[in-house]
Amino acid sequence: MPGAPVLVGSRELIDWCVRRAVLRDPRIGILDGRPASGLLAGEDGRSVAGVTLRGGEPLAARLVVDATGRTSRAPAWLAALGHPCPAVTRYDSHLGYSSRLYATPPDPDRGWHGMYVQGRPDSPRGGVLVPQGGDRWLVTLIGNGEHAPSTKEEEFLGFARSLRSPALHDAIRGATPLSDPTGFRGTANERRHYERMDRLPDGFLVIGDAACRFNPVYGHGMTVAALAAQALDAALAGLAPGRIPAATRRIQRATADAASVAWQIATSEDMRYAQTEGPPPDRATKVLQRYMSRVMVGANADPALSSRFFGVLSLSTPPNALLGPATMLRVLSKWRLPTTPATPAYPPHHPPPPGP
């Protein structure tokens, strides 16, 4: 992305840095080895007064915020107190990952640091190569449905060769693998609509992936969690402690709004794939999809358009940056959709290409 620095690191490094930054705040403490196992009901039967820790120990609180991610047990905890579960909207494009680490091969003339080979609806395979600490590359192969990459050692390079560009395959074919391929398949977009509940108990909120999780290919999860935290902070500002429980429904709506743009981007893109499970796109979404297809074609060759596109995709630029009159005229007059034959499924319908 022109003009935008990118800082990369392993997930372990990111988690360690975030944890260290959080614990610098003297108001924050961690109860190690004492996970919450349920909600503590308030005396009025309509509120949450804290949580129950493993073993049954109560921990009182004016406000309980569930930020436990994809493994959230909030629906079961609410059901245990007699509250209904939230409605769920789900889109699953059956995206699959296969990732492994490589030692970075020496090459003083290499003119790049990372790589992204983008797939298309007619050829839904892609790949990402990003540098890691310790002179390593993290390489992730991506595919939807029957195009999902294998985690078998002997098929990893073959899948990389099947991408639209040979660049990623050429980069890794002589590199030394440092790990076996590892797969990940839980990539559905799923939104639990706590903001719509009529009987959400006072004093309880759900944010981040626990409320709305995304296909991770779009890289929205941590950004949306940060936006939700900002919305929570703004909603709590100036609010007297005694008024917090009664304000939680309004706050839940505010934190849910923080996910709306990312949800629209992720689901409208995933709806392009024929195998995606979920509500069908309406006419407006179909029109937007056609337009965005042309935006993506242009973003591969037009630096100004690429900057706007990745700004919107990273949630650092408002979506209307791609919908202004000048940008739309540029896209519609200059860029056309490619006409290419569909790529056959790989794997499992034919064996990997011959060796490197």
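Colleague: What is the strand order in the open sheet that contains β1, β2 and β3?

Modeller: The order is β1-β2-β3, and the pairing is antiparallel. Keep in mind that this is a predicted model. Neighbouring strands in this sheet are turned by 30° against each other on average, ignoring direction.

Colleague: What makes β1 and β3 edge strands?

Modeller: β1 (36-41) and β3 (58-60) each have a single partner strand, so one side of each has no neighbour in the sheet.

Colleague: How do you know that β1 and β2 count as paired?

Modeller: Two strands pair if there are at least two bridges between them. β1 and β2 (residues 48-53) are joined by five bridges and run antiparallel, so they count as a pair. For example, A36 stands opposite L53 in β2, and A41 has V48 as its bridge partner there.

Colleague: And what about β2 with β3, how many bridges are there?

Modeller: Three bridges, again in the antiparallel sense, and the cut-off is at least two. One of the partnerships is V51 with L59 in β3.

Colleague: Which residues in the turns of these hairpins have a positive phi?

Modeller: In the hairpin of β1 and β2, with six residues between the strands, G45 has a positive phi of about 75°. In the hairpin of β2 and β3, with four residues between the strands, G55 has a positive phi near 100°.

Colleague: Why is β2 called largely enclosed?

Modeller: Buried means under 20% relative accessible area. Five of the six residues of β2 are buried, so the rest of the structure largely encloses that strand.

Colleague: What makes the phi of D135 worth pointing out?

Modeller: Most residues other than glycine have a negative phi. D135 is not a glycine, yet its phi is positive, at about 55°. It sits in the loop between β8 (125-132) and β9 (136-144).

Colleague: Is D135 buried or exposed, and how do you know?

Modeller: The cut-off for exposed is over 50%. D135 has 62% relative accessibility, so it counts as exposed.

Colleague: Which other non-glycine residue has a positive phi, and where does it lie?

Modeller: L315, with a phi of about 65°. L315 is in the loop between α9 (303-313) and α10.

Colleague: Since α10 came up, why is α8 called roughly perpendicular to α10?

Modeller: Helix α8 (residues 283-299) and helix α10 (residues 325-334) pack at an angle of about 80°, with their axes 9 Å apart. Angles of 65 to 115 degrees count as roughly perpendicular, so α8 gets that label against α10.

Colleague: Which residues of α8 and α10 meet?

Modeller: From α8 there are Y291, R294 and V295, and from α10 there are T327, M328, V331 and L332. By class, this contact has five nonpolar residues, one polar and one charged.

Colleague: Back to strands. What is the order in the open sheet with β5, β11 and β13, and which strands are at its edges?

Modeller: The order is β5-β11-β13, with antiparallel pairing. β5 (88-91) and β13 (212-213) are the edge strands, each pairing on one side only.

Colleague: How do you know that β11 and β13 count as a pair?

Modeller: β11 (residues 189-192) and β13 share two bridges in the antiparallel sense. The threshold is at least two, so that is enough. In this pairing, R191 stands opposite C212 in β13.

Colleague: Which helix lies across this sheet, and at what angle to β11?

Modeller: Helix α7 (residues 260-270) lies across β5, β11 and β13, running at about 140° to β11.

Terms used:
Residues are numbered from 1 along each chain as its sequence is written. This is a predicted model: local features need pLDDT of at least 70, side-chain atom pairs count only at pLDDT 80 or more; totals for chains, interfaces and linings use all residues. Side-chain values use heavy atoms; hydrogens and water are left out. Axes are lines fitted to C-alpha atoms, for helices over the stretch in contact, and angles run from 0 to 180 degrees between N-to-C directions. Angles under 35 degrees count as roughly parallel, over 145 as roughly antiparallel, 65 to 115 as roughly perpendicular and the rest as oblique. Contact means heavy atoms within 4.5 Å. Ala, Val, Leu, Ile, Met, Phe, Trp, Tyr, Cys and Pro count as nonpolar, Asp, Glu, Lys and Arg as charged, and the others, Gly among them, as polar. Buried means under 20% relative accessible area, exposed over 50%, partly exposed in between (1.4 Å probe, protein chains only).
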